[in-house]
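Subject: Structure for your review

Dear colleague,

Please find below the structure I promised to hand over. I would be grateful if you read it alongside the notes that follow.

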Amino acid sequence: VTHAVTVQGPQQALAMLRGLKLVENRAWRIPPGWYALHVGGQRGSEWGRKAGSRHPELPSEESLSHFHSSVVGLLLLSEQRSVAQCGGDHWAYGPVCHVVAQAIELPTPVRVRGAPMLWLLP
């Protein structure tokens with residue numbers, strides 16, 4: 001794995017790693033493959049709040065504060081779909097929906113500064 005993608009909100013990342021969120025939405029296409037999953041430093045993000053409300057079984061953002069500004073796992077993005085091709089998945093907002101085919105949660109988050117778009121791991 002050489003590149004990472006950043007998401008906002010540790011609950012969103014954990015939902016992806018635990019198979020609760022199987023679609024990652026972007027305005028641009030991510031080539032299929034394995035990527036490091038990075039959580040940005042923003043607290044109280046809209047996407048984090050959505051994950052927490054849709055999946056109340058997830059730990060609170062406060063208890064996941066060690067996820068912020070860290071790589072927390074690996075994702076295999078297998079394909080891209082339109083919202084219409086996502087079968088009503090409540091996470092499909094698009095315009096490009098990337099299917100999360102597999103995920104691996106790291107035992108300990110690795111602190112690293114992120115960047116926009118796909119970015120090269122240090």
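Let us begin with one residue, F67. Leaving aside its neighbours within four places in sequence, F67 is in contact with P10, L14, V39, V72, E105 and P109. Please bear in mind throughout that this is a predicted model.

F67 also belongs to a wider group. The largest nonpolar core has 18 residues, and F67 is among those with the most contacts inside it, together with A13, M16, L37, V72, L75 and L77. Four elements each supply at least two residues of this core: the strands β1 (3–7), β3 (33–39) and β4 (70–81), and the helix α1 (10–17). Of these, α1 gives the most, with 5 residues. Another core, of 6 residues, lies apart from this one; C86, W91, A92 and C97 are among its members. As general background, nonpolar side chains in soluble globular proteins tend to be buried together.

Two individual residues deserve a closer look.

The first is V71, which is placed in strand β4. Is V71 buried or exposed? V71 counts as buried because its relative accessible area is 8%, and the cut-off for buried is under 20%. Not counting residues up to four places away in sequence, V71 touches A36, L37, H38, L106, P109, V110, V112 and L121. V71 and A15 are 56 residues apart along the chain, and their C-alpha atoms are separated by 15 Å.

The second is Q12, whose place is in helix α1. With a relative accessibility of 4%, Q12 is also counted as buried. Setting aside its neighbours within four places in sequence, Q12 is in contact with V7, K21, E24, W47 and A51.

Finally, I turn to the empty space. The largest pocket has a volume of about 210 Å³. Which residues lie nearest the centre of this pocket? They are T6, V7, Q8, E24 and R26, out of 15 residues that line the pocket. V7 and E24 thus appear both in this list and among the contacts of Q12. The elements that give two or more residues to the lining are β1 and β2 (23–26), and β2 gives the most, with 3 residues. By class, the lining has 5 nonpolar, 7 polar and 3 charged residues.

I would suggest locating F67, V71 and Q12 in the structure in turn, and then the pocket.

With kind regards

Methods: Residues numbered from 1 in each chain as written. Predicted model: local features only at pLDDT ≥ 70, side-chain atom pairs only at ≥ 80, totals over all residues. Heavy atoms only, no water. Core = buried A, V, L, I, M, F, W, Y, C linked by side-chain atoms within 4.5 Å. Buried < 20%, exposed > 50% of the residue type's maximum accessible area, 1.4 Å probe, protein only. Contact = heavy atoms within 4.5 Å. 1 Å grid on protein atoms, 1.4 Å probe; cavity = no way out; pocket = protein on both sides within 12 Å on 5 of 7 lines; lining within 4 Å. Points joined across faces, edges and corners; volume = space filled by probe spheres on them. Nonpolar A, V, L, I, M, F, W, Y, C, P; charged D, E, K, R; others polar.
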